[in-house]
Amino acid sequence: MSRKFHKEDDDVSEDMEKLQGLLLALGRRRSLRDPIASMCEQLQFTPPQVHAILWLGRDGALTMGDLARRLGVTEKTVTGVVDRLERQGHLARERSATDRRVVHCRLTDDGQATWQRLERLVSSGMRQFLGILDGADRKALFSILEKLLKRIDTPPTPAAPRERSA
């Protein structure tokens with residue numbers, strides 16, 4: 001292996017430690033870390049309930065499986081989240097007309113009102129967060145996030161086969 005490879009690997013390790021330290025420092029500042037946590041306290045929802053309402057409000061009806069994936073929980077766990085939101089009148093379950101095994105969740109009128117309130121709180125938190133940065137820094141942040149998304153969505157190119165020396 002070349003020295004260049006080791007140098008790049010060392011740089012990535014150092015950068016990883018720096019990123020981890022910065023993210024931990026941000027995480028210690030709750031107001032910046034998770035504006036949703038304060039919303040949960042205000043509205044007396046759990047974080048998964050708030051996230052479920054936000055996803056359903058933005059994307060419309062979702063299957064239980066899709067909602068579980070969006071929340072990063074198991075289908076068993078999402079069932080409990082949906083049960084509580086349904087009891088509170090925020091969402092309704094509907095069976096698919098084409099496949100009765102598939103259950104869609106959608107916001108009720110009360111759920112839509114809650115979603116709109118959450119959206120206003122999220123927008124306010126984002127405005128506050130972005131207000132810390134000047135225009136050039138916001139532009140740089142957006143550029144980096146766009147690059148990350150593009151690279152994550154681009155399948156890796158296969159490595160060129162190595163030539164064997166005799």
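Which residue in strand 3 is the bridge partner of Thr63? It is His104. Before I go on, please keep in mind that this is a predicted model.

Let me stay with the strands for a moment. Strand 1 covers residues 62-63, and two bridges join strand 1 to strand 3. These two strands run antiparallel. Strand 3 also pairs with strand 2, residues 91-95, and here there are five bridges. Strand 2 and strand 3 are again antiparallel. To give one of those pairings, Arg95 has Val103 in strand 3 as its bridge partner.

Now look at the side chains of strand 3, which spans residues 103-107. Val103, Cys105 and Leu107 point to one face, and they are buried. His104 and Arg106 point to the other face and are not buried. Why do they alternate like this? In a regular strand, side chains take turns between the two faces of the sheet. So His104, the partner of Thr63, is on the face that is not buried, while Val103, the partner of Arg95, is on the buried one.

Next, the helices. Helix 4, residues 47-59, packs against helix 7 at an angle of about 100°, and the axes are 9 Å apart. An angle from 65 to 115 degrees counts as roughly perpendicular, and therefore helix 4 and helix 7 are roughly perpendicular to each other. On the helix 4 side, the contact is made by Val50, Ile53, Leu54, Gly57 and Arg58. Helix 7 contributes Gly111, Thr114, Trp115, Leu118, Glu119 and Val122. Sorted by type, the residues of this contact are six nonpolar, three polar and two charged.

Let me pick out Thr114, which is in helix 7, residues 109-131. Is Thr114 buried or exposed? Its relative accessibility is 13%, and buried means under 20%, so Thr114 counts as buried. Leaving aside neighbours within four places in sequence, Thr114 is in contact with Phe45, Ile53 and His90. Ile53 is one of the helix 4 residues I just listed.

The last pair is helix 5, residues 64-71, and helix 6, residues 75-87. They pack at about 100°, with axes 9 Å apart, so helix 5 and helix 6 are also roughly perpendicular to each other. From helix 5, the residues are Met64, Gly65, Leu67, Ala68, Arg69 and Leu71. From helix 6, they are Glu75, Val78, Thr79 and Val82. This contact divides into six nonpolar, two polar and two charged residues.

That is the end of my part.

Methods: Residues numbered from 1 in each chain as written. Predicted model: local features only at pLDDT ≥ 70, side-chain atom pairs only at ≥ 80, totals over all residues. Heavy atoms only, no water. Axes fitted to C-alpha atoms, helices over the stretch in contact; angles between N-to-C directions. Parallel < 35°, antiparallel > 145°, perpendicular 65-115°, else oblique. Contact = heavy atoms within 4.5 Å. Nonpolar A, V, L, I, M, F, W, Y, C, P; charged D, E, K, R; others polar. Buried < 20%, exposed > 50% of the residue type's maximum accessible area, 1.4 Å probe, protein only. Pairing = 2+ DSSP bridges.
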